[in-house]
Amino acid sequence: MRPPLPRAGMRCVLPLLLIVGAAAGAWADDSAVTPTADIGNVSGAEIYGHICQGCHMPQAQGAVGAGHYPKLAGDPALVSWQYVALTVLNGKNGMPAFGLPTDQFEFVFGAVRLSDAQVAEVVNYVRSHFGNNWKGVATASQVAALPHH
Amino acid sequence: MGKNSGVPSPSRRDLLRMIGVTAGSTAMYQAMSSLGFAADSPYRGPIDLQGTPKGASVLILGAGIAGMSAAYELRNAGYQVQVLEYNDRAGGRNWSLRGGDSYTELGGLTQQCRFDKDLYINPGPWRIPYHHRGMLSYCRRLGVPLEPFLQVNYNAYLHSSRAFGGKPQRYREIKADYQGHVAELLSKATRQNALDASVSKEDQERLLESLRNWGALDKTNAYISSNTSSERRGYQKDPGGGLTARPIPSEPIGLTDILESRLWQGISAGDMFDMQTALFQPVGGMGRVGEAFGRELGPLIRYNSKVTDIHQDNQSVSVAYEDTRKPGTKLQARADWCLCTIPLPILAQIPMNVGPALAAAIAAVPYASAVKVGLQFKRRFWEEDEHIFGGITYTDLPIANIGYPNTGFHSGGKGVLLGGYIWGTNAMEFTAMTPDERVRKALDYGSQIHPQYPQEFDNGVAVAWHRSPFTMGCFGMWTSDTRAKHYDDLCEIDGRIVLAGEHASYIGGWQEGAVTSALDAIGRLHQRAIAAGATA
């Protein structure tokens, strides 16, 4: 059951973007739950730590159960920033799409959207950390030019 | 849905958002339902499968609600049934964590649940509405006793960290005052003839009378501090007996404060179809349903079985699996037909020779993120100090909900709260934490509503559904676009294989979706089996 309250409603439309708007809340300075920085300063590390590592794990080592979460550390597929960005934007199998308007989902509270700039940030972050050292940096406008299904 | 075409018509989006924030996420489903989706359970009584071909067999993948309701019916219809289950228990997302249980999430962190005897948390589903007739029917047939689930508690809180100085407000007061002020305004408008164009003179009298009734207005159509309004919102001093008997009416909160607080958004949760009284919970935890199914099916279920390959030909379906207690073991199961309830994120990774339409459908459904936190406290302070017996507090804090136990009132001793039920971004953020951090965060936030938390806390557990090894997410999230492109393909029989589960339903995220999808699937499978004859 979802909270009945306003911020939640805004968030379902533009989650991370609106975290700044929520800064009046009594919990706004909790860095574990929401980035406190201005949206322009939200780093790829923060996005990875707040969202991606839930599945891909803190060291990007992935995990195995009945299925598996792919390991991003040392994954040769990361050679292509476009591949990574497209996966983040449009999802893959059970992985949520982060590039779609959240109100396309019947369950709007479940969906989370990242801006093209945030996608670029996190793509660059995973391609240059966890032992990855791939050349090339994605920009927000390059991400914007990719298909958002 | 190109990125530019994704801009929704504001009215529809705003409507949905309003409904959603008002009533909660599950309510959103029902709002969507009224906008074009089917929602009521299509369950119309036990399925009647006649004429099962002799020796016909079905292999069922997954011992959750979908797989086990199918197994139960198919077995009763004379099929040879075998169920493969990844976990070492029956139920899947139908699950209760109790003292003594341990749970290892993806990533390897293990939690030992240290709740007292008879205390539990339901990491997955926790309520059954009265119209989920399929689930209720299985509870009855399996002998699972039910008790009321309290959705609305007038004495629980609506809380905003940004209104009333962060002080939680009683649902009762917000509802009465919102309703009273609105009734007064509408009454004024009526008497000032502002509604003449839409309400006849005759109806205006009835309208005024009804507004006095609905809003607890006085004879002059005003919402003021009075015994009448206090009968709704509660008194400053309650009526009693003897010399201390005389009540003192309470003072309503002003309209501006109510509107600015936005707490009115929490009023209508219990008005939604899925949340309307009566709702039920199994005595002892939701997991009692899965456990009862497990007992009923007994040796038909093989536990600790991880499916690694699904292959069909024109004779049968073969499934390769491994015993999770003996990694590397290669085992094989075979049957004429296969009902597959494996959650889609996992199924998408299992080799399976189905047609491109079904394969595309399986890959098209992302799973929602959700987190539940169970907190055991040394005493039931919400009852003892705050007189909250069951029900739910809603808050704008990341924990979103505090659910009070709907059973064991006045039992003394310890008690377990649902300390958070979290969706969306915050759920992903809580998932990214360690279980200990999730519990600590739920405590920190909950302390803003119940200051007794730090003093009374005993222990806790936290389940993040994207870390669940057996689902890799909470439930399938459909869009209107993916429904149109893939839903029918997901449900159609492909050769000898058919899918079932909440993901193959329009009651997504509810157990009733699992039941009705399973019954629909086996009904169709049965027809194929009859057509194919005994040995297929």
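Helices (H or I, at least four residues) and strands (E, at least two) are DSSP runs, numbered from the N terminus. The exercises below concern a predicted model, in which local features need pLDDT of at least 70, side-chain atom pairs count only at pLDDT 80 or more, and totals for chains, interfaces and linings use all residues. Residues are numbered from 1 along each chain as its sequence is written, chains are lettered from A and ligands numbered from 1 in the order in which they are written, and side-chain values use heavy atoms, with hydrogens and water left out.

**Exercise 1. Describe the secondary structure and burial of chain A.**

Step 1. Chain A has five helices and two strands.

Step 2. Along the sequence, these elements of chain A follow the pattern α-α-β-β-α-α-α.

Step 3. Residues are classed by relative accessible area: buried is under 20%, exposed is over 50%, and partly exposed is in between (1.4 Å probe, protein chains only). Of the 149 residues in chain A, 59% are buried.

**Exercise 2. Count the disulfides over all chains, then examine A:Cys55 and B:Cys113.**

Step 1. A disulfide is a covalent bond between the sulfur atoms of two cysteines. The criterion applied here is a pair of cysteine sulfur atoms within 2.5 Å.

Step 2. The count over all chains is zero disulfides.

Step 3. For A:Cys55, the nearest cysteine sulfur belongs to A:Cys52 and is 9.0 Å away, and A:Cys55 is in no disulfide. A:Cys55 counts as buried because its relative accessibility is 16%.

Step 4. B:Cys113 is in no disulfide either, the nearest cysteine sulfur being that of B:Cys474, 19 Å away. With a relative accessible area of 4%, B:Cys113 is buried.

**Exercise 3. Classify the ring pairs that B:Phe381 makes with B:Trp382 and B:Tyr453.**

Step 1. Rings of Phe, Tyr and Trp (its six-membered ring) pair if their centres lie within 6.5 Å; planes under 30 degrees apart count as stacked, over 60 as edge-to-face and the rest as tilted. Over all chains there are 24 aromatic pairs.

Step 2. B:Phe381 and B:Trp382 have ring centres 5.0 Å apart and planes at 80 degrees, so this pair is edge-to-face. Both B:Phe381 and B:Trp382 are buried.

Step 3. For B:Phe381 and B:Tyr453 the centres are 6.1 Å apart and the planes are at 65 degrees, so this pair is edge-to-face. It links distant parts of the chain, with B:Phe381 in helix H12 (residues 381–384) of chain B and B:Tyr453 in helix H15 (residues 453–456) of chain B, 72 residues apart.

Step 4. B:Phe381 has 0% relative accessibility and therefore counts as buried. B:Tyr453 is buried, with a relative accessible area of 0%.

**Exercise 4. Find the charged ends that sit over the rings of B:Tyr506 and B:Trp337.**

Step 1. A charge sits over a ring if NZ of Lys or CZ of Arg is within 6 Å of the ring centre and within 35 degrees of the ring normal.

Step 2. Over the ring of B:Tyr506 sits the charged end of B:Arg483, 3.9 Å from the ring centre.

Step 3. Over the ring of B:Trp337 sits the charged end of B:Arg496, 4.4 Å from the ring centre.

**Exercise 5. Describe the largest pocket and its lining.**

Step 1. On a 1 Å grid over the protein atoms alone, a cavity is a set of points where a 1.4 Å probe fits but cannot get out, and a pocket is an open set with protein on both sides within 12 Å along at least five of seven lines; lining residues have an atom within 4 Å of a point. Grid points are joined across faces, edges and corners, and a volume is the space filled by probe spheres set on the points.

Step 2. The largest pocket holds about 710 Å³ of space. It is lined by 34 residues, and A:His56, A:Pro70, A:Leu72, A:Thr87 and A:Met95 are the closest to its centre.

Step 3. H2(A) gives the most to this lining, with six residues.

Step 4. Ala, Val, Leu, Ile, Met, Phe, Trp, Tyr, Cys and Pro count as nonpolar, Asp, Glu, Lys and Arg as charged, and the others, Gly among them, as polar. The lining of the largest pocket divides into 22 nonpolar, ten polar and two charged residues.

**Exercise 6. Describe the largest cavity.**

Step 1. The structure holds five cavities of 30 Å³ or more, and the largest cavity has a volume of about 680 Å³.

Step 2. Of the 47 residues lining the largest cavity, B:Gly92, B:Arg93, B:Asn94, B:Thr471 and B:Glu502 lie nearest its centre.

Step 3. The lining of the largest cavity divides into 27 nonpolar, 15 polar and five charged residues.
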